[in-house]
Amino acid sequence: MEAITAMSGKYNPRTIEEKWQRHWEEKQIFKVTEDGNKKKYYLLEMFPYPSGKIHMGHVRNYTIGDVIARYKSMKGYNVLHPMGWDAFGMPAENAAIEHGIHPEKWTRENIANMKKQLKRMGFSYDWDREVSTCEPEYYRWEQMFFLWMYEKGLAYKKTSSVNWCFKCKTVLANEQVEGGLCWRCGTEVGEKVLDQWFFRITAYVEELLEYCDKLPGWPERVMTMQKNWIGKSYGCEISFPMADSDDVIKVFTTRQDTIFGATFMLIAAEHPLVMELVTGKPIEQEVSAFVDKVKRQDKMVRTSEYYEKEGVFLDSYCLNPVTDQKMPIFAANFVLADYGTGCVMAVPTHDQRDFEFAKKYDLPLIVVIQPKDRPLDPETMPEAYVEEGILVNSGQFNGMENMKALDSIATYFESIGRGKKTIQYRLRDWGISRQRYWGAPIPIINCKKCGTVPVPEADLPVVLPLDVVLTGEGGSPLAKHPSFVETTCPSCGQPATRETDTMDTFVESSWYFDRYCSAHHTEKPGLDKTKVDYWMPVDQYIGGIEHAIMHLLYARFYSKVLRDFGILSVDEPFTNLLTQGMVCKESMRCPTHGYLFPEEVEEEKCVHCQQPVTIGKTEKMSKSLKNVVDPDYLIRKYGADTTRLFCLFASPPEKDLEWSDQGVDGAFRFINRTWRIIMDYRDVIRDVKPFQGDAELPEDLKNLRRKTHQTIKKVTSDIEDRFHFNTAISAVMELVNVLYQIPKPDKENRIDLAVVRETVESIILLLTPIVPHVAEELWKNIGHQNTLSKISWPTYDPAIAAEEEITIVIQINGKLRSRINVPAEEEAEAIKNLAQADEKIVKLVEGKQIVKVVYVPKKLVNIVVKG
RNA sequence: GCCUGGGUGGCGGAAUUGGUAGACGCAAGGGACUUAAAAUCCCUCGGUCCUUGAGGCUGUGCGGGUUCGAUUCCCGCCCCAGGCACCA
């Protein structure tokens, strides 16, 4: 095989790639163990859901990770780079329902195929640490953690609602609700209240928030999103006395400055207080019908700005605690029961939703905030005034700026005993119950006598039974599996039933990175502390921006829980985070055949009917739009190195990547171009050592040498400081271009060839993390015996990289007018004088007054003139 | 709707801390090589105007502002994307 390559001299990616992949695997190059003598580096990419095939999003994510892993390894770190499978989840169940394949079989086959694809990409994983979350060896520990959380009150049960399809008699995920209708049967979706399990993430809310400012390695925007998601607000809990009893209605508000303008009270329709207030009254029927109607509405829709605000009067009144005015109480569709107290004071003049509601039901308006520039008239105002202003009609607070009065008003409520300052969070506890089959069973037994009883640790794992039939109808499949459900109570020994809910798959992805550190540990607690302490925390985590909030917040929470169990020693799991953008492509659509795959289009015509196709806008690659590119096809046509190179070159990691077929050709061409010039030099530089010392060189070789050192500098900082592989690659492209420019030195000119050798070796080493297969092959071809994987990253000499002459731009009033070349170390005064003496500048400045001369070191001179 | 980002040539992108806008690549055009084509190698390439020059003007979604100087900072607007608690 080598003979063929050598003879034809042609770049043959397939042969080279398969050869080196075999080599890496046989020599176990990427296997790692804990080594106290080396600095560890834990590089983690978000593990994939085994959907069947890897897609370009995976290829991009894992290529970015692989470059960093290989780079750090060349820098001398002991690099842990694992891979596994987020193997539980809904698509497996959907496949079972639609195609009759068992989720386990489907998942295993998908894993096998995707693993093959990942290996073919040449990623440097330590496959010995592979983890698959659907295996009992994995989820048994998760079940144990659940029991420990239950014991500490961190896992608890409460009622909450789910999307419910009355026809299929099953719970639907948000994704399975399309425009308020069930995606399978098309009937209207409603809500159903169930007893469900929750993790008390709110117990850690302050720490989760606090650490948002202690993670400098995370992108600012992710931290901002998490902070906003947690949503800490300082407000006030105010008690509104009922008009005709001693009861009070408590509301939470951050707008206590508007209290004097509160003219009515709103309660979430599904709040239990609603029916309490109307029981026995003539309007009970009417209210009950309204509540049922609201419960059937989608929460997102009914709280949206444009949705009709609706309510029903509850024939009850409370009193405004500062004005003692009677406030009618309504149940409303746009108030949510699970935020705050589920009751809100309505201030129609300064809240748009309340304003619309007041207009519809003819309720009073009192202006309490006046803008500085115009008076507000409650009779004529067309909408609520929500800006800042001066308080009016507000008793002793009149004349204060509303934002500045917030604290005084809260203090006043505390002093009169009708309220208190409170802290409110938007974050809610994490609902982990799923009425689904393909997930980790919750290890709980329900006993008629003893109630909720945890499964004893010794009985773990509660194994998910495999003999089930999935239909997509009639609720949880586990509930219909008698031998799973029927058990005995561990407490009293009487017949009892198992919990049939399974856990949210976000639970598995909240600790898989801990498991990788000791992937096959069979002793309690499933994690080998010495190993976990060596590797954790993850030094660099890489994944899609779409996980910026939920997955990352859950994983942070779970880590803190495990820390408090004494299993982990870190406060935060991920020191540095890189969130990559999505892979996008334009979609193509045929009027008859709908969306088309790229291979169904030839010369902008549909291959089925020859009609011209419509080119749609560029969107995230997805199966439904069929705007996907199959990585297998790319590997077959161009090889893994080209695929990797293109993904990195097309855009920086944090930005979306727009797919372009021509760009792939360009990447392939660059590898070929590099291959050709190095192979062309191979024989003459084979036994030459890279240039060293300070022998005087001819101009073009001196330039080549400078460019080489500049390139090492640029590529190193592009990778090290900001993971901008696109600019790193373009720097290497420039170096290759310069190498093409110089006349080929004579065979006997060993000094000039030594410079070429230094350049060639640098090119290969700089490209190693990016296109590792072709780099290995070229390295070998220029006469090296050792595999590249163990070679150090190249270093540069700042003295050689330094330019001797620099270009100074000359501007007049900020406009580019001329440029001059000066020695790099020229004095500022001398440069300013040279600039003003420049022929073109003299002409342009003539007859004008020079106001000042700005000099930006090593960049430009700006002459400011008047007249 | 709310939260968070983004918008630069025909296209992907570059400009790292307010200092030469368009690096590098793609596409396009031209040349060399070839019987020819492909491949390869070399050159040109934001728009516009004229007096064709080492030329002028203009140009980073739109409208303002700050500054000697703004793709970069500030204010307002438009458009696109991600997330919104059961897709992962």
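The points below concern a predicted model of a protein chain with an RNA strand.

1. Overall make-up. Chain A has 867 residues, of which 53% are buried, and its secondary structure consists of 28 helices and 37 strands. Along the principal axes, the C-alpha trace of chain A spans about 110 × 90 × 65 Å. When contacts with a sequence separation of 6 or more are considered, 71% of them join residues that are 24 or more positions apart.

2. Domains. The assignment divides chain A into domain 1 (32-144 + 506-580), domain 2 (234-424), domain 3 (689-801) and domain 4 (805-866), with domain 1 written as two segments of the sequence. The centres of domain 3 and domain 4, taken over C-alpha atoms, are separated by 36 Å.

3. The largest nonpolar core. This core has 184 residues, and Tyr42, Phe145, Phe199 and Trp659 are those with the most contacts inside it. Helix α21 (residues 661-685) supplies the largest share, 11 residues. Because domain 1 (32-144 + 506-580) and domain 3 (689-801) both give residues to this core, it lies between them. A second core, separate from this one, has 55 residues and includes Ile267, Phe330, Ala332 and Tyr385. As general background, nonpolar side chains tend to be buried together in soluble globular proteins.

4. Phe199 within the largest core. Once neighbours within four places in sequence are set aside, the contacts of Phe199 include Phe146, Met149, Leu154 and Ala155, and also Asp429, Trp430 and Ile432. Val507, Phe557 and Tyr558 are in contact with Phe199 as well.

5. Helix α4 and its partner. In helix α4 (residues 90-99), the buried residues are Met90, Ala92, Glu93, Asn94, Ala95 and Ala96, a list in which Glu93 and Asn94 appear alongside Met90 and the alanines. These buried residues pack against α5 (103-120). Just after α4, Gly100 takes a positive phi of about 70°.

6. Asn110 in α5. What does the side chain of Asn110, a residue of helix α5, meet at 3.0 Å? A polar atom of that side chain lies 3.0 Å from the backbone oxygen of Pro50. Asn110 counts as buried because its relative accessibility is 10%, under the 20% limit. Leaving out residues up to four places away in sequence, Asn110 touches Pro50, Ser51 and Gly52.

7. Ser651. This residue is placed in the loop between α20 (640-650) and β33 (657-658), and with a relative accessible area of 10% Ser651 is buried. The side chain of Ser651 makes a polar contact with the side chain of Arg60 at 3.2 Å, while the backbone oxygen of Asp656 lies 3.3 Å from a polar atom of the Ser651 side chain. Beyond four places in sequence, Ser651 touches Arg60, Asp656, Leu657 and Asn726. Ser651 and Leu470, by contrast, are 43 Å apart in space, C-alpha to C-alpha, and 181 residues apart in sequence.

8. Thr716. Helix α22 (residues 699-722) contains Thr716, which counts as buried at 14% relative accessibility. Not counting residues up to four places away in sequence, Thr716 touches Tyr71, Lys75, Asp721 and Trp793.

9. The surface near RNA strand B. There are 71 residues around RNA strand B, and Asp86, Arg436, Lys714, Arg819 and Asn862 come nearest. Of the atoms of RNA strand B that come within 4 Å of the protein, 73% belong to sugar and phosphate. By class, this surface has 23 nonpolar, 22 polar and 26 charged residues, and helix α23 (residues 725-741) gives the most to it, with eight residues.

10. Individual polar atoms at the RNA. Which side chains have a polar atom placed 3.0 Å or 3.1 Å from a phosphate oxygen of RNA strand B? For Asn726 the distance to a phosphate oxygen is 3.0 Å, and for Asn737 the corresponding distance is 3.1 Å. Arg819 instead has a polar side-chain atom 2.5 Å from a base oxygen of RNA strand B. Asn726 also links this point to point 7, since Ser651 touches Asn726.

Conventions:
Residues numbered from 1 in each chain as written. Chains lettered and ligands numbered in written order. Predicted model: local features only at pLDDT ≥ 70, side-chain atom pairs only at ≥ 80, totals over all residues. Heavy atoms only, no water. Core = buried A, V, L, I, M, F, W, Y, C linked by side-chain atoms within 4.5 Å. Buried < 20%, exposed > 50% of the residue type's maximum accessible area, 1.4 Å probe, protein only. Helix = DSSP H or I, 4+ residues; strand = E, 2+ residues; numbered from the N terminus. Domains from an automatic or database assignment. Contact = heavy atoms within 4.5 Å. Near = heavy atom within 4 Å. Polar contact = N/O pair within 3.5 Å; in protein donor to acceptor, adjacent residues only side chain to side chain. Nonpolar A, V, L, I, M, F, W, Y, C, P; charged D, E, K, R; others polar.
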